[in-house]
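Reader: I would like a close look at one part of this model, the main nonpolar core. Please take me through it and its setting.

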Amino acid sequence: MHHDKDEKTMTARAKSEAQVPAEQTRPGRVFTPDVDIYEKDNEIVILADLPGVAAQDLTIDLKDSVLTITGDVSEPAENEQEVVREYLTGRYFRQFTLSEVIDQAKIEAKLADGVMRLTLPKVSAAQPRKIEVKPA
Amino acid sequence: MTRTLLGWPFWGWKNPFDELDRVKRQLDAISGGRNVEWPWSQNAGVFPLLNVTETAERYKVTAELPGIKAQELSITVTGNTLSLSGNRAIAADPEASYHRRERKAGAFSRVITLPGDVDAERVSAESKNGVLTILLPKAAAARPRQISVKAG
């Protein structure tokens, strides 16, 4: 991992193509979106950069503690002449195995300006309990 | 460099027509069909990466800028030069412990030279789903003109 999070300027990187477990039914490239994942006492939050994905094209699926995020980018077929192409577009795909027990009914997803925010609340049994030590 | 060399023969294999299209574009560029300053299928190494397309009337520049609002961007146009700068801030939650931190933050600034002059007054920009689209109408002098030949 590169620890350049606090660097002052951003660097250009080509998107990394994803290794998809199943073959795709539709043609096109598949990319791995960049994510931030953090955990708090009561929840796990996943933030993913999905530029070009509209809310109706984002699919989030949690089954057998495997979380699958799929986002499609629909580019209008325009009759335009290409001058420069530095980045490619396609589907975003990423899977995570969740080790915690998630309260599926309370999962919340938001998508704003191409950033997905997924909140996965832990079921109360999985939340850490503070154990007080009583003085003897 | 090694990554580029190793990656090169394999990318595009998923769709053989992509590769043919790329070769065609490269040949177009070599034959001098268009005056383009950037090397093909490579990026300039400056954030953000840009795609540029054109029609007879205008250029269209797009960039993937997730999480960056329009008001956080500064876009300026002079002649045939477009500059784009801004800052992406990602607030870290002090109570959280991180499993992964892949999303990048920081300041960026990029300048590109378009193949022809644009009408700076009529440039428009729009941000949707984290993709910035800038439409730059070509200056009257840079637009192709249809010349009708009169029968003598």
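How many helices and how many strands does chain B have? And which residues have the most contacts inside the largest nonpolar core?

Author: Chain B has two helices and eight strands. Helices (H or I, at least four residues) and strands (E, at least two) are DSSP runs, numbered from the N terminus. The order in chain B, starting at the N terminus, is α-α-β-β-β-β-β-β-β-β. This is a predicted model: local features need pLDDT (the predictor's confidence in each residue, from 0 to 100) of at least 70, side-chain atom pairs count only at pLDDT 80 or more, and totals for chains, interfaces and linings use all residues. Residues are numbered from 1 along each chain as its sequence is written, with chains lettered from A and ligands numbered from 1 in the order written.

Now the core. The largest nonpolar core (buried Ala, Val, Leu, Ile, Met, Phe, Trp, Tyr and Cys joined through C-beta atoms within 7 Å) has 20 residues. Leu50(B), Val61(B), Leu82(B) and Leu136(B) have the most contacts inside it. Both chains contribute: strand E6 (81-85) of chain A supplies at least two residues of this core, and so does each of four strands of chain B, E1 (50-54), E2 (58-64), E4 (81-88) and E8 (131-137). E8(B) gives the largest share, four residues.

Take Leu136(B). Leaving out residues up to four places away in sequence, Leu136(B) touches Arg58(B), Tyr59(B), Val61(B), Val77(B), Leu82(B), Leu114(B), Val118(B) and Val123(B). Contact here means C-beta atoms, placed from the backbone, within 7 Å.

Next, the link between the chains. E6(A) and E1(B) run antiparallel, joined by four bridges. Strands pair at two or more DSSP bridges. Val84(A) stands opposite Val52(B) in E1(B). The whole contact takes 35 residues from chain A and 44 residues from chain B. On the chain A side, E6 is one of the elements that give two or more residues; the others are strand E2 (35-39), strand E3 (43-49) and strand E4 (53-63) of chain A.

Chain B as a whole has 152 residues, and 20% of these are buried (20 or more other C-beta atoms within 10 Å). Among its contacts between residues at least 6 apart in sequence, 52% join residues at least 24 apart.

Finally, confidence in the partner. Chain A has a mean pLDDT of 84, with 90% of its residues at 70 or more. Residues 1-6 of chain A stay under 50. For that stretch, the model has two contacts beyond four places in sequence.

Definitions and conventions
A residue is buried if 20 or more other C-beta atoms lie within 10 Å of its own, exposed if 12 or fewer, and partly exposed in between; C-beta atoms are placed from the backbone.
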